[in-house]
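Student: Could you take me through one part of this structure slowly and carefully, so that I can follow it residue by residue?

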Amino acid sequence: MRAIAITHDDVDHTGRLASLQAVSAAEVIAHELEAPRLARDRWREPPGTTMAFRLIGGVLERFYRRFQHSPVRVSRPVRDGDALPGGWIVVHTPGHTPGHTAYYHPGLHTLIAGDALRSTPGGQLRFPMRIYTEDSAAAAQSIRKLAELEPQVICFGHGPVLRDAAAPLREFAEVL
Ligand SMILES: [Zn+2]
C-alpha cells in the first residue's frame with residue numbers, strides 16, 4: 001500500500017500534496033480534525049496578531065498566498081493512538097494546528113515531529129513558530145506528551161535530525 005502521512009495542512013508541508021497524490025495514487029493519512037482543512041481551497045489564516053506577525057508574518061503571508069491550496073480528500077482520517085502499516089503510531093499533537101499529528105515508531109524509537117517541535121542548525125530544540133501556532137498552551141502540552149515517548153531519533157519539519165533525543169527532549173519539555 002502506498003500512503004502519504006500528513007502532519008498538518010500548511011503550505012510548506014502540503015503545498016504539492018494534490019499533485020503528489022494524483023501521480024502516486026497513494027492513500028492520504030491525516031488526523032480527522034485536519035481533514036476538513038485539507039479539503040478546503042485556501043490556506044488557514046495565521047493566528048498571530050503580534051507586532052512580530054505584522055512585520056514578519058505579513059511578508060510570509062504574501063509569499064504563501066502565491067501558492068494555491070488544491071483540495072485533497074483524506075482517504076484515511078486517523079486519531080490519537082491509531083496503528084499504521086509499518087509499525088507507526090499516530091500521536092495527536094494539537095497546538096500548531098488543532099489536528100497536528102506526529103508519528104512515532106516504537107521499534108525504531110523514531111519520531112516524525114512535523115511542526116510540533118523545531119531544531120536549530122546547532123541541534124537545539126525549539127518551540128514551533130509562535131506566529132503560526134494557534135494554541136501555545138496545547139502546543140506545550142503536546143511537547144510534554146512527545147517527551148514521554150522517549151524517542152531516540154526525532155525528524156522535524158524544520159531543522160536537522162536529532163539523535164540521542166530522549167534526554168534533551170525531556171529537559172526541554174520540563175522548562176516549558
Ligand atoms: Zn506548519
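**A close look at the sheet and the metal site**

Tutor: In this predicted model, five strands form an open sheet in the order 4-5-6-9-10, and their pairing is mixed. Strand 4 (89-92) and strand 10 (162-163) stand at the edges, and because each has a single partner strand, one side of each is left without a neighbour in the sheet.

Within this sheet, strand 5 and strand 6 pair in the antiparallel sense, over three bridges, and across this pairing tyrosine 103 stands opposite isoleucine 112, which belongs to strand 6. Strand 5 covers residues 101-105, and threonine 101 is part of it. Is threonine 101 buried or exposed? Threonine 101 has a relative accessibility of 0%, and therefore counts as buried, since the cut-off for buried is under 20%. Leaving out neighbours within four places in sequence, threonine 101 is in contact with Ile6, Thr7, His31, Val90, Val91, His92 and Thr93. A polar atom of the threonine 101 side chain also lies 3.2 Å from the backbone oxygen of glycine 99.

From the sheet we can turn to the metal. The zinc ion is coordinated by His8 (NE2), Asp10 (OD), His96 (NE2) and Asp115 (OD), at 2.2 to 2.3 Å, and along the chain these donors follow the spacing H-x1-D-x85-H-x18-D. The pair aspartate 10 and aspartate 115 links distant parts of the chain, being 105 residues apart: aspartate 10 sits in the loop between strand 1 (3-5) and helix 1 (11-14), whereas aspartate 115 sits in the loop between strand 6 (110-114) and strand 7 (118-119). Aspartate 10 counts as buried because its relative accessibility is 8%, and aspartate 115 counts as buried because its value is 5%. The angles among the four donor atoms run from 89 to 173°, and the site of the zinc ion is irregular.

Finally, consider aspartate 9, which is found in the loop between strand 1 and helix 1. Aspartate 9 has a relative accessible area of 1% and is therefore buried. The side chain of aspartate 9 is joined to that of threonine 14 by a polar contact of 2.8 Å. If residues up to four places away in sequence are not counted, aspartate 9 touches Thr14, Glu34, Arg37, Leu38, Trp43, Arg44 and His69. One of these residues, glutamate 34, is 25 residues from aspartate 9 in sequence, while their C-alpha atoms are 6.9 Å apart in space.

Key: Residues are numbered from 1 along each chain as its sequence is written. This is a predicted model: local features need pLDDT of at least 70, side-chain atom pairs count only at pLDDT 80 or more; totals for chains, interfaces and linings use all residues. Side-chain values use heavy atoms; hydrogens and water are left out. Helices (H or I, at least four residues) and strands (E, at least two) are DSSP runs, numbered from the N terminus. Buried means under 20% relative accessible area, exposed over 50%, partly exposed in between (1.4 Å probe, protein chains only). A polar contact is a pair of N or O atoms within 3.5 Å; within protein, one must be able to donate a hydrogen and the other to accept it, and residues adjacent in sequence count only if both atoms are side-chain atoms. Contact means heavy atoms within 4.5 Å. Donors are N, O and S atoms within 2.8 Å of the metal (3.2 Å for Na, K and Ca); water is not among the atoms, so sites may look incomplete. Four donors count as tetrahedral if all angles lie between 85 and 135 degrees; four count as square planar and six as octahedral if opposite donors are over 155 degrees apart and all others between 65 and 115; anything else is irregular. Two strands pair if DSSP finds at least two bridges between them.
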